[in-house]
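Visitor: Could you take me through the terms used for this model, and show me what each one rests on?

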Amino acid sequence: MPDISLTTVVVLCIAALAAGWVDAVVGGGGLLLLPALLLGLPNSAAAGHALGTNKAVAIVGTTGAAVTYARKAPVDVRLAVRIGTAALIGSTGGALLATGMSTEVLKPVVMVVLVAVGAFVIFRPSFGTAPTAVPASPRRIWAAIGFAGLGIGFYDGLIGPGTGTFLVLALTAILHLDLVTASATAKIVNCCTNAGALAMFAWKGQVYWQLAGLMAVFNLAGGMVGAHTALKRGAGFVRVVLLTVVCALVVKMAYEQWVA
């Protein structure tokens, strides 16, 4: 347990609660959780400890949300695990590449993609509001495994921010899922990628387990409440949260690119 004040611990727990809720609804909880850890941990702590502790917290909330969704939403768990396995492989490759190159050159490209995505969702009000009545073809399933699994998994290992949001958008677009089912499927995929990343950080000894355990309780509560909220409020509510998270991602990445 790092040497931090009780006030800081309380703030981190509140951040974990909020991040769990956001992540369960539409992804992007790391926008709250990781910056909070980077600010709350002492300056002597390595950045790797913030990343490792973040994964240890996030995997609990993600798993709780995935279980909640799987019980009440029409989720194809077998397909989600197949995509998640591909995402695990992709994230490993992305992490390996990240060790030898600067990701700064990719951030402007990601911001352009996010702006385009936001505009698409705004000007297509029907996007993700209802699933198609036709089952996904084998071609679409393999496209989801390749793009949402390998592709976004690779992005997660290389850069990271907004992975859950990208998964929701990709699954909605490729498999023609409604946003609630896409969020549910994305949570299962995130469980796979988080498990692989956590194993690596734990192997390197870069996890504050006591702090992570405490924050994980709040993250789990937020994740389960967020999943229930999304199921109750429906795709229209998820769409609003999605646009909010996309805007937050663009602002955050623009700030890091040109201001910080």
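Guide: What follows sets computed values against their definitions. This is a predicted model, in which local features need pLDDT of at least 70 and side-chain atom pairs count only at pLDDT 80 or more, while totals for chains, interfaces and linings use all residues. Residues are numbered from 1 along each chain as its sequence is written, and side-chain values use heavy atoms, with hydrogens and water left out.

Visitor: Why is threonine 193 called buried?

Guide: Buried means under 20% relative accessible area, exposed over 50% and partly exposed in between, with a 1.4 Å probe and protein chains only. Threonine 193 has a relative accessible area of 4%, and is therefore buried.

Visitor: Which of these words fits cysteine 13, and which fits cysteine 247?

Guide: Cysteine 13, at 5%, is buried, whereas cysteine 247, at 48%, is partly exposed because that value lies in the middle range. The structure holds zero disulfides, a disulfide being a pair of cysteine sulfur atoms within 2.5 Å.

Visitor: What makes α1 and α2 roughly antiparallel?

Guide: Angles run from 0 to 180 degrees between N-to-C directions, and the axes are lines fitted to C-alpha atoms, for helices over the stretch in contact. Under 35 degrees counts as roughly parallel, over 145 as roughly antiparallel, 65 to 115 as roughly perpendicular and the rest as oblique. Helix α1 (residues 6–26) and helix α2 (residues 30–40) pack at about 165°, with their axes 8 Å apart, so they are roughly antiparallel to each other.

Conventions
Helices (H or I, at least four residues) and strands (E, at least two) are DSSP runs, numbered from the N terminus.
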